[in-house]
Each structure stands twice: as C-alpha cells, then as structure tokens.
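Colleague: Before I use any labels from this model, I would like to know what each of them rests on. Please show me the entry.

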Amino acid sequence: MWSIFSCLYPARHNPDRLQNYDQYEKTLNLDGLEFPLAVKDIPKFEAQNPTIAIHCIAADSKNKSFSILYLSPRVHQRDHTLTLLLLDDERRSKNHHYVFVKNLSSLIADRSKNKHRSLVCLSCLQVFSSKQVLKKHERCCLVHSSQQVVFPDPEQRKLSFESHRYEHPFDFYFVSDFESILIKKPRRIDECHQHSRNCRFLSASYDVACRISDCTYNLFRTECYRKVFRTNLQ
Ligand SMILES: [Zn+2]
C-alpha cells in the first residue's frame, strides 16, 4: 500500500517515511484486502481501484534476471500504471515487501549494453530505444502471457551437431543442377503449337561434398557444359 502511495503522491523529502503518506490512506479502496497483499489478490485490488494498473516483478537470482509475477490486462487503459518489485524478507522467509520502481528502465537496462534512456516492454522486460519500436512490439507481445527471456550462458551458447545418424553415409558425393530457358522458334503454318519452343541450356552448377577436405561450390554458364564437367571432375 505504501509503495503505491509513494508513486501516486511522491514525497519531496524522505520518501521512505510513512508519515508522508498517512493523509492519503483513505484515497484507496482497501475493503476486504489483507496486507501484505498476496500477488493473487492484486486483481481484487485493481477491481476496487479502477484508476490503477499493477505490474509486479521479482528478482530472479538464478537467471540473473527478473520474473513477472503479475501484469494487469488493463496496463495501457488506466490513469496510473505502477511497477512494483517484490522483495523477500531475509529475516522472515514468509514475508515479502513491495517496492515502487520509479525507473524501470534503470533497473532493467543494466542488462542492456545501451546506456542511454531506454523503454521496457512490461510483458517480456525487453529493452527498446524507440517508442515506435516498443509500440510495434507490444502489439504482438501483449496478446501473450507474460514471459521471461533468458539468454544462455556465454560458455554454453554453442550449437553442435549431434544427430550423426542423419549424416550422409558416403565419404563424398556429387550434387549438380541444371537450368534452362525455353526459346520460341519460328513456326511454320502447319506446325503444331506444342513444338514451337526450344529448350536452351543456361547454366549448371555442381558441388562435391567430401569428409576429408572442404567442398567448393561451382557455378558456370557455358553451352559446353559436358566438357566442363568432364574436365573439372577428372
Ligand atoms: Zn515484450
């Protein structure tokens, strides 16, 4: 509750002092809600306070990232959208504390190489430098449930081929391709329409794949393709 007040009524001095917010206690409808508020009760809080949309995240130390605990479906429809960071109480493991995130960009952008002000998608926490790009991204992202993007460890982000059973069984093999065009030939009046075109060789290519040495791709355009094949493959 106090974290919400600190957003709605920011204190000029000592924003961590509860006395700054006592006077606003009755501006929120907290009927029937238990505090500290459980994440599952946030929709209830939003239903009773129709100008506020909540976005709640928590630090994920395992992935060195943040996970999204709750994202209001009305995030762009309400007057106030608040991002709250849920922190664990080190002394009492069952206790949690909400903290208002004044600048989500600073919190998240540490993961980005871009040190300038950036914008954050509330659903996947990806960072964007332009409002237009973020808007375009959100159109697709917000239709899905919130998600966490986790990049692999730099040491483990190597792909290796393991399906050796799908390898070609031969030590080397030859692949070739031919292309041709159809050219109209002058027709005699009595000639059938089907025979009015000639097929003319245009280009050929071949590739010799070999286990022992690197293969080279060869493309050539000559009408003497038979001769080129013979010469090159000898
Ligand atoms: Zn997104």
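The exchange below takes the labels one by one and sets them against their cut-offs.

Modeller: This is a predicted model, in which local features need pLDDT of at least 70 and side-chain atom pairs count only at pLDDT 80 or more, while totals for chains, interfaces and linings use all residues. Residues are numbered from 1 along each chain as its sequence is written.

Colleague: How many helices and strands does the protein have, and what makes a run count as one?

Modeller: The protein has five helices and nine strands. Helices are DSSP runs of H or I with at least four residues, strands are runs of E with at least two, and both are numbered from the N terminus. In that direction the elements read α-α-β-β-β-β-α-β-β-α-β-β-β-α.

Colleague: Why is C199 called exposed?

Modeller: A residue is exposed if 12 or fewer other C-beta atoms lie within 10 Å of its own, buried if there are 20 or more, and partly exposed in between, with C-beta atoms placed from the backbone. C199 has 9 such atoms within 10 Å, so it is exposed. C199 belongs to strand β8 (residues 197-210). Over the whole protein, 9% of the 234 residues count as buried.

Colleague: Which residues does C199 contact, leaving aside neighbours within four places in sequence?

Modeller: They are S180 and L182; contact requires C-beta atoms, placed from the backbone, within 7 Å. The C-alpha atoms of C199 and I183 are 6.3 Å apart, with their positions 16 residues apart along the chain.

Colleague: What makes a set of residues a nonpolar core?

Modeller: Its members are buried Ala, Val, Leu, Ile, Met, Phe, Trp, Tyr or Cys residues joined through C-beta atoms within 7 Å. The largest such core has nine residues: I42, I52, A53, I54, C56, I57, L84, Y98 and V101. Strand β1 (residues 52-60) contributes the most, five residues. Another core, of five residues, lies apart from it and includes L71, I108, V120 and L122.

Colleague: How do you know which strands are at the edge of the open sheet of four strands?

Modeller: Two strands pair if DSSP finds at least two bridges between them. The order is β2-β1-β3-β4, with mixed pairing. Strands β2 (65-71) and β4 (96-100) each pair on one side only, and these are the edge strands.

Colleague: What joins β3 to β4?

Modeller: Five bridges join strand β3 (residues 80-88) to β4, and the two run antiparallel. Set against the minimum of at least two bridges, the five found here make them a pair. L85 is opposite V99 in β4.

Definitions and conventions
Two residues are in contact if their C-beta atoms, placed from the backbone, lie within 7 Å.
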